[in-house]
Amino acid sequence: MNENHKPQYGFTTTILHGDRQKPIEHGSLHKPIHTSVAFGYKDARELAAVFQGRQPGYRYGRQGNPTVSALEDKITKMENGYGTICFSTGMAAIGAVAQALLREGDHVVSSAFLFGNTNSLWQTVGAQGVTVSMVDATEVANVEAALTPATRLVFVETIANPRTQIADLARIGTLCRERGILFIVDNTMTSPYLFQPRAVGAGLVVNALTKSIAGHGIALGGSLTDTGVYDWTRYPHIAENYRKFPPVQWGMAQIRAKALRDFGGTLGPEAAHHIAVGAETMALRLERECSNALSLAEMLDADERVAAVHYPGLKSHPQHALAGELFRAYGSLLSFELKDGIDCFDFLNRLRLAIPASNLGDTRTLVIPVAHTIFYEMGPERRASMGIAESLIRVSVGIEDNADLLEDFRQALAG
Ligand SMILES: *Cc1c(COP(=O)(O)O)cnc(C)c1O
């Protein structure tokens with residue numbers, strides 16, 4: 001846990017050298033992979049003190065592990081937050097919000113422009129007695145109009161996956177602060193390198209570590225970071241047990257117990273290690289991916305066979321100016337629609353480098369026909385309400401050499 005001061009070093013230096021701020025076993029440059037599930041103490045009273053929260057330490061691997069803690073500290077620094085809890089996947093992190101913080105009768109306001117699985121999660125939660133209002137969060141007025149006395153939290157993504165709508169982040173943050181409502185931002189599409197949601201008043205930040213933070217597509221993981229800005233004394237469901245800590249710790253204490261301990265979506269130490277290694281090159285990868293994405297978006301936009309391109313870096317994007325104000329770059333994800341008469345499957349099959357696959361933030365460029373795969377289950381009506389055309393192709397732009405990448409799309413369009 002850090003003290004929310006300005007970091008001493010830049011983003012990448014902090015990731016590379018952060019672990020060594022605490023001693024590492026044998027002078028190891030990487031935090032070792034600790035596979036032990038249990039942690040022994042010479043004095044049995046110490047074990048009791050750890051269980052009672054009077055002394056820091058590990059008890060059982062489901063609730064914490066030294067390799068995972070080192071990654072949690074790294075993410076806390078990336079987000080300039082107060083503390084972080086890691087989970088087995090990004091969805092486990094978002095699910096933890098529902099498990100730890102929501103009860104029957106509660107109300108949630110969520111952006112309607114969402115990652116498909118998060119959309120599905122809100123339906124699941126909706127069937128368990130929580131009401132979820134899905135609104136167009138590019139306008140704060142829509143969020144405000146949906147608030148009720150039972151609203152516990154507002155949930156948005158930074159750049160929505162896959163149509164790239166950008167939530168009215170700063171104004172929603174101000175609204176939530178005024179009303180004492182918890183503001184949760186899924187930062188996966190921007191990553192803490194491009195944007196820190198703490199800057200717009202987010203209380204909790206979600207990161208799917210699987211994506212840009214790891215970057216290599218060899219490990220799943222997710223995290224929730226408490227930025228330290230939310231006043232937990234305004235949250236009605238914090239159990240008595242966690243209220244004995246200082247209020248800034250209430251959220252993390254309840255989430256670690258109620259979600260991680262009770263539901264067990266724990267990140268394994270091997271995955272934590274892979275993610276930590278990947279994170280070292282995040283800034284370098286994102287610089288390359290974002291510049292590749294911008295040039296690919298511009299090329300597609302100028303092509304007469306393309307009906308529409310959705311990328312915040314294009315001047316035609318409705319939130320282009322907002323993205324420029326808030327984010328360090330415009331992101332590595334774009335989506336586009338082919339003109340009628342061009343079969344999207346034929347087009348995808350002509351690509352030689354870009355791979356039809358469902359992941360984001362990978363070093364390789366990945367493409368997917370959205371309506372036929374990740375957004376298939378929700379059906380045409382809901383897709384239309386999210387602005388998702390049946391021919392929409394999502395591109396997660398990788399770090400390939402720019403000329404090779406552009407040529408691949410050019411030849412696939414020509415064919
Ligand atoms: C991928 C993704 C998630 C879920 O992460 P998993 O690790 O795949 O569970 C959540 N939010 C967004 C925006 C994502 O892109």
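Which polar backbone atom lies 2.8 Å from an oxygen atom of the ligand? In this predicted model, the atom belongs to Met91, whose backbone supplies the polar partner at that distance. Of the ligand, taken alone, 380 Å² is exposed, and 92% of this area is buried by the protein.

Two side chains provide further polar atoms around the ligand. A polar side-chain atom of Thr210 is placed 2.7 Å from a ligand oxygen atom, and a polar side-chain atom of Asn161 is found 3.4 Å from an oxygen atom of the ligand. The shell around the ligand comprises 14 residues, of which Gly90, Met91, Asp186, Thr210 and Lys211 come nearest; Met91 and Thr210 thus appear both in this group and in the polar pairs described above, the former through its backbone and the latter through its side chain. When the shell is sorted by class, 5 residues are nonpolar, 6 are polar and 3 are charged. With respect to secondary structure, helix H4, which spans residues 90–101, contributes the largest share of the shell, namely 3 residues.

Asn161, whose side chain faces a ligand oxygen atom at 3.4 Å, also takes part in a backbone feature, in that the peptide bond from Asn161 to Pro162 is cis, with omega near 10 degrees. Pro162 is located in the loop that runs between strand E4 (151–157) and helix H7 (169–179). The loop between E4 and H7 also holds Thr164, a residue other than glycine for which phi takes a positive value, near 65 degrees. As a general background to these two backbone features, most peptide bonds are trans, and most residues other than glycine have a negative phi.

At the level of the whole chain, a division is made into domain 1, covering residues 9–279, and domain 2, covering residues 283–414. The C-alpha centres of domain 1 and domain 2 are separated by 28 Å, and the interface involves 37 residues of domain 1 in contact with 36 residues of domain 2. Between them, domain 1 and domain 2 bury about 2,900 Å², and carbon and sulfur atoms account for 60% of this buried area.

Technical notes. Residues are numbered from 1 along each chain as its sequence is written. This is a predicted model: local features need pLDDT of at least 70, side-chain atom pairs count only at pLDDT 80 or more; totals for chains, interfaces and linings use all residues. Side-chain values use heavy atoms; hydrogens and water are left out. A residue is near a molecule or strand if one of its heavy atoms lies within 4 Å of it. A polar contact is a pair of N or O atoms within 3.5 Å; within protein, one must be able to donate a hydrogen and the other to accept it, and residues adjacent in sequence count only if both atoms are side-chain atoms. Accessible areas come from the Shrake-Rupley method with a 1.4 Å probe; for residues, only the protein chains shown count as cover. Helices (H or I, at least four residues) and strands (E, at least two) are DSSP runs, numbered from the N terminus. Ala, Val, Leu, Ile, Met, Phe, Trp, Tyr, Cys and Pro count as nonpolar, Asp, Glu, Lys and Arg as charged, and the others, Gly among them, as polar. Domain bounds come from an automatic or database domain assignment. Contact means heavy atoms within 4.5 Å. Buried area is the accessible area (1.4 Å probe) that two parts lose on being put together, summed over both.
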